[in-house]
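I opened this model to follow its annotated sites into the fold around them. These are my notes, in the order in which I looked things up.

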Amino acid sequence: MFRIITFNANGIRSASRKGFFTWLRTMSPDVLCMQELKAQESDLTDDLRTPLGFHGYFHCAQKKGYSGCGLWSRVNPFAVRTGFGNSEFDAEGRYVEADFGAVIVISVYFPSGSSSDERQSAKFRFLDAFKVHMDELRQSGREVIICGDINIAHKEIDLKNWKGNLDHSGFLPEERAWLDQRFGKEGWVDVFRMLDPRPERYTWWSQRGQARAKNVGWRIDYQIATPGIAALARNTGIFPDEKFSDHAPLWVDYDLMVEGAAK
């Protein structure tokens with residue numbers, strides 16, 4: 001099996017202090033995709049850069065303490081790319097892509113639009129740009145798994161208080177329609193939901209009140225795959241039991257053997 005974990009750390013150093021990498025060792029992943037590092041590469045100590053002896057690759061924001069993506073892998077990828085060719089969002093450190101031959105795995109952090117109208121406009125610009133990039137990935141004919149914090153709950157089942165959030169960023173009609181298009185005629189697969197149709201399966205909780213204790217959450221972290229590789233997904237899970245972040249790690253096991261490049 002090929003296990004991929006995706007996790008928004010809300011600060012890699014904070015998540016590490018809370019025991020995330022200790023837990024990670026028990027999970028034995030092949031690839032870890034992490035978002036919201038809130039760190040520069042110079043901030044990453046060896047235990048953060050190469051946990052479990054993995055190869056680590058990073059895309060940090062130009063602004064310190066903001067955004068950032070990482071991808072760690074057990075084997076050395078054949079190629080790694082940071083950024084997807086959009087100067088506005090590449091400056092924010094939102095994309096790492098690793099080519100493992102049999103599959104391309106991507107760690108991506110979509111913008112949140114909740115802080116202001118300006119950031120919501122930026123989020124819509126990101127969705128437009130990333131759609132073009134996803135089209136290019138599909139046209140390449142490769143199998144692809146996109147892992148990350150998408151900052152959109154797709155369906156009513158994907159958040160607790162959906163009626164009260166119809167006009168809130170993350171559940172806006174335009175955002176949900178964007179996912180409808182990807183999962184509809186374009187054929188991308190929401191791998192977690194394909195395997196687990198149960199309600200109240202969330203990956204993010206507000207830090208206000210007792211949202212996490214009461215499981216008043218949102219499912220905004222995804223593994224989105226091309227149909228061929230999605231068909232190989234066998235198991236999935238979310239780990240909310242320990243609070244490493246305001247998000248919970250999400251994993252998927254694929255019936256796939258992956259070989260890496262020589263070191």
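**Entry 1: the annotated domain.** Before using the record I noted that UniProt positions are given in the numbering used here, that feature names are shortened, and that annotations may be inferred rather than shown by experiment. I also kept in mind that this is a predicted model. With that said, the unreviewed UniProt entry places the feature "domain: Endonuclease/exonuclease/phosphatase" at residues 5–247. I looked up the ends of this span and found that the C-alpha atoms of its end residues lie 13 Å apart, while the span itself is 27% helix and 23% strand.

**Entry 2: the listed binding site.** Which residues does UniProt list for "binding site"? The unreviewed entry gives N8, E36, D149, N151, D246 and H247. They span 240 residues in sequence, yet no two of their C-alpha atoms are more than 13.0 Å apart, so I take them to gather at one spot. I then checked the lining of the largest pocket, which includes E36, D149, N151, D246 and H247 from this list.

**Entry 3: two of these residues in detail.** I began with N151, which lies in the loop between β8 (144–149) and α6 (173–183). Is N151 buried or exposed? Its relative accessibility is 11%, and because buried means under 20%, N151 counts as buried. Leaving out residues up to four places away in sequence, I found N151 touching Y109, F110, P111, S112, K123, G170 and I220.

I went on to H247, placed in the loop between β13 and β14 (250–254). H247 also counts as buried, with a relative accessibility of 4%. With residues up to four places away in sequence again left out, H247 touches F7, N8, D149, T203, W204, W205, R212, I220 and D221, and two of these, N8 and D149, are on the UniProt list as well. With D221 there is a polar contact between the side chains, at 2.9 Å. I220 appears among the contacts of N151 and among those of H247.

**Entry 4: the sheet.** I next traced an open sheet of six strands, whose order is β3-β4-β2-β1-β14-β13 and whose pairing is mixed. The edges are held by β3 (55–59) and β13 (233–238), each with a single partner strand, so one side of each is left without a neighbour in the sheet. Direction ignored, neighbouring strands are turned by 15° against each other on average.

At one edge, β3 is joined to β4 (residues 69–73) by five bridges, and the two run antiparallel; within this pair, H59 stands opposite C69. Between β2 and β4 I again found five bridges in the antiparallel sense, with G70 as the bridge partner of M34. On its other side, β2 pairs with β1 (residues 2–8) in the parallel sense over five bridges, and here the listed residue N8 has Q35 as its bridge partner.

**Entry 5: the surroundings of β2.** How many of the five residues of β2 (residues 31–35) are buried? Five of the five are, so the strand is largely enclosed by the rest of the structure. Both of its faces are covered, with V31, C33 and Q35 buried on one side and L32 and M34 buried on the other.

I followed Q35 outward to S107, since a polar contact of 3.1 Å joins their side chains. S107 is found in strand β7 (residues 104–109) and counts as buried, at 0% relative accessibility. Leaving aside neighbours within four places in sequence, its contacts include C33, M34 and Q35, together with C69, G70 and L71. Other contacts of S107 include R94, Y95, V96 and C147.

**Entry 6: positive phi values.** I closed with the backbone, having in mind that most residues other than glycine have a negative phi. K38 has a phi near 55°, a positive value, and sits in the loop between β2 and α3 (46–49). L52, with a phi near 60°, likewise has a positive value, and its place is in the loop between α3 and β3. I noted K38 as partly exposed, at 28% relative accessibility, and L52 as partly exposed, at 25%.

Key:
Residues numbered from 1 in each chain as written. Predicted model: local features only at pLDDT ≥ 70, side-chain atom pairs only at ≥ 80, totals over all residues. Heavy atoms only, no water. Pairing = 2+ DSSP bridges. Helix = DSSP H or I, 4+ residues; strand = E, 2+ residues; numbered from the N terminus. Axes fitted to C-alpha atoms, helices over the stretch in contact; angles between N-to-C directions. 1 Å grid on protein atoms, 1.4 Å probe; cavity = no way out; pocket = protein on both sides within 12 Å on 5 of 7 lines; lining within 4 Å. Buried < 20%, exposed > 50% of the residue type's maximum accessible area, 1.4 Å probe, protein only. Contact = heavy atoms within 4.5 Å. Polar contact = N/O pair within 3.5 Å; in protein donor to acceptor, adjacent residues only side chain to side chain.
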